[in-house]
Amino acid sequence: MRFPSSHLQTLAITCLFTLTTALPATVIKREEDLKSSYDYIIVGGGTSGLVIANRLTEDPKTTVLVIEAEFHLSKKMKSFPGYVGRTGAKYEWGYNTSAISGLNDRKFRIPAAKVVGGGSVINGMFYTRGSKEDYDSWEKLGNPGWGWEDLRKWFNKSETFHRQPEDSGVTFDLSTHGTTGPIQTSYPPLRYPQLQKIINAMKSFGIPTALDGTNGHSLGKFWVLNTLDPRNQTQANYHLITQRQVTKIIFENDRPNSQSLPRALRVLYSIGRNKSISRLLAKKEVILAAGAIHTPKLLQLSGIGDSRLLKSAGIKPIVDLPGVSQNFQGHAVIYDEGSSEPRSLLPALTLSPMENIASFLPLPLIAGDYQALLSSTSAADTLLPAGTHSTVLAGYLKQKDLLLFQFVTNETAPLSRDFISIRTSSPWYMPKINHRTLSHPLDLAITQQAVSYAVSFMTSEGMKEFKPVPLEGAEVGREEWVRRNMGVSFAHPCCTAKLGRREDGGVVDTKLRVHGVKGLRVVHASVIPVLPGSHLVSRVNAVAERAVELILE
């Protein structure tokens, strides 16, 4: 059984399919076939990078190059379903955390895609949007134009929804879906007969029902969509080059006494360590879509970040921007005792291809004493590392106040904050990933409540016929058990280049432009200010669609 964590209260039974992606790009294999310059250079061929490239090149006069560090999945891997978590190290960066004190000094692998298509290739292809409150919090944190109502049209623009027959039993809200977007969403046709019994058990247990998990009202159980993008055409003004890693962004006007802001002018890239460095000119903008871990690393290598860190690594600061990497968040997860992989307690449903039903639950439903939990947290308490910059601290306190207020009506999110830092000035060294999971005591307390709730559901009357085998021992759910069994990542890293004001530790403004420079934007899950109670792919697509409008203004 996979227990819901304090960060994502979800009881999920999943049906997993593999993404097959056909790109409209012209794939370039040799440097001599590249143009000497492009209007836009996009660093990262993941979900957001490809959305932006597709949209920008709808204008045949606009030239775009996407640079991706790896290549496409093999034909074999495109042909078989259920490949989530099985794509292997070849298609991931191979990131590992430092020892995490809150998890008994254990270290963890962090899934991060290194392949054309990015996270949409290696994920479970769940398409959820989260609650309206998730997005409205972005606006309340000082980012006008980024609330739920503002983003709805971008969700719809990115989607083509394939509805189920009326007699299917699947509920959905047709008004909240798009019909002409590039991302195809649908429900899996296979339905196991046991599913209705589990749905009935959820209902008997008091888990409410949501009509559709994408209409902003996602608390409760609902049917979950999958994603598939079948496009297959090429565009001459859209180039893609793979197996090249961008190592640095070069700026003009980067001298301290310059009268103009530094402008992103060129990108440097290479095929590998100790290989020659190539450079390309971006006539209009460089767009970073390199993932929540690699994006802050590349910003730091290029001289944008906390000047104290940059100087210690021998890098000349271009912009002192302490918020870079300092808001790192992700959905933690608990596995059953002694397992490195999630396993079901339901003997009849132990295979990974299962049904798309999930529950996202608010704190009052899983914790009867939730008010006591919330009141135990001091308003001024941060538990951030010593030496945290004052701007980062100011932004965190605003997030914390807002989250504590929303916990009563919305899903919970972690109060612990992680960060990423480069080790040297060499781009070929992995960054130091400092996960601080459970560093805030409220995260631990809510996780314990979530474990208790999950165990109660699995042993409820409605689940008896599945003969669930409860974990033995009175220690289940206690502090040491949680610290021993919690993992740091559900493969949803985000928030390392957050949208926000510079004085609040923000990295990009409301137009996704990096503070203090020109010609450089970040468009990825990195810009999300606060971890959402949902999977990330839908909002990454919506952010990318909105970014195109901002770029073309």
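Reader: How many helices and strands does the protein chain have?

Author: Keep in mind that you're looking at a predicted model. The protein chain has 14 helices and 22 strands.

Reader: And what share of the residues counts as buried?

Author: Of the 553 residues in the chain, 62% are counted as buried. As for the outside, the protein chain exposes about 21700 Å², and carbon and sulfur atoms supply 52% of that.

Reader: What about contacts between residues at least 6 apart in sequence: what percentage join residues at least 24 apart?

Author: For this protein chain, that's 73%.

Reader: Let's pick a strand. Is strand 11 largely enclosed or not, and why?

Author: Start with a general idea about strands: in a regular one, side chains alternate between the two faces of the sheet. Now the case here. Strand 11 covers residues 235-241, and six of its seven residues are buried, so the rest of the structure largely encloses it.

Reader: Which strands are joined to strand 11 by bridges?

Author: Strand 1 (residues 25-28) is joined to strand 11 by four bridges, and the two run parallel. To find your place in that pairing, look for A25, which stands opposite Q235 in strand 11. Strand 3 (residues 64-67) also runs parallel to strand 11, with four bridges between them. There, L65 has H239 of strand 11 as its bridge partner.

Reader: Now a single residue. Is R483 buried or exposed?

Author: R483 sits in helix 13, which spans residues 479-485. The cut-off for buried is under 20% relative accessible area. R483 has a relative accessible area of 15%, so it counts as buried.

Reader: What is R483 in contact with, leaving aside its neighbours within four places in sequence?

Author: With those set aside, R483 is in contact with G102, L103, N104 and R106, and also with L438 and L444.

Reader: How about empty space? What is the volume of the second largest pocket?

Author: The general trick is to roll a probe the size of a water molecule over the atoms, which shows where empty space is left. In this model, the second largest pocket has a volume of about 240 Å³. It is lined by 17 residues, and those closest to its centre are D306, R308, Q326, G387 and F419.

Reader: Which elements give two or more residues to that pocket's lining?

Author: Those are helix 8 (307-312) and strand 19 (419-421). Strand 19 gives the most, with three residues.

Reader: And what is the lining like by class?

Author: The second largest pocket is lined by eight nonpolar, seven polar and two charged residues.

Methods. Residues numbered from 1 in each chain as written. Predicted model: local features only at pLDDT ≥ 70, side-chain atom pairs only at ≥ 80, totals over all residues. Heavy atoms only, no water. 1 Å grid on protein atoms, 1.4 Å probe; cavity = no way out; pocket = protein on both sides within 12 Å on 5 of 7 lines; lining within 4 Å. Points joined across faces, edges and corners; volume = space filled by probe spheres on them. Nonpolar A, V, L, I, M, F, W, Y, C, P; charged D, E, K, R; others polar. Buried < 20%, exposed > 50% of the residue type's maximum accessible area, 1.4 Å probe, protein only. Contact = heavy atoms within 4.5 Å. Areas by Shrake-Rupley, 256 points an atom, 1.4 Å probe, with all protein chains shown as cover. Pairing = 2+ DSSP bridges.
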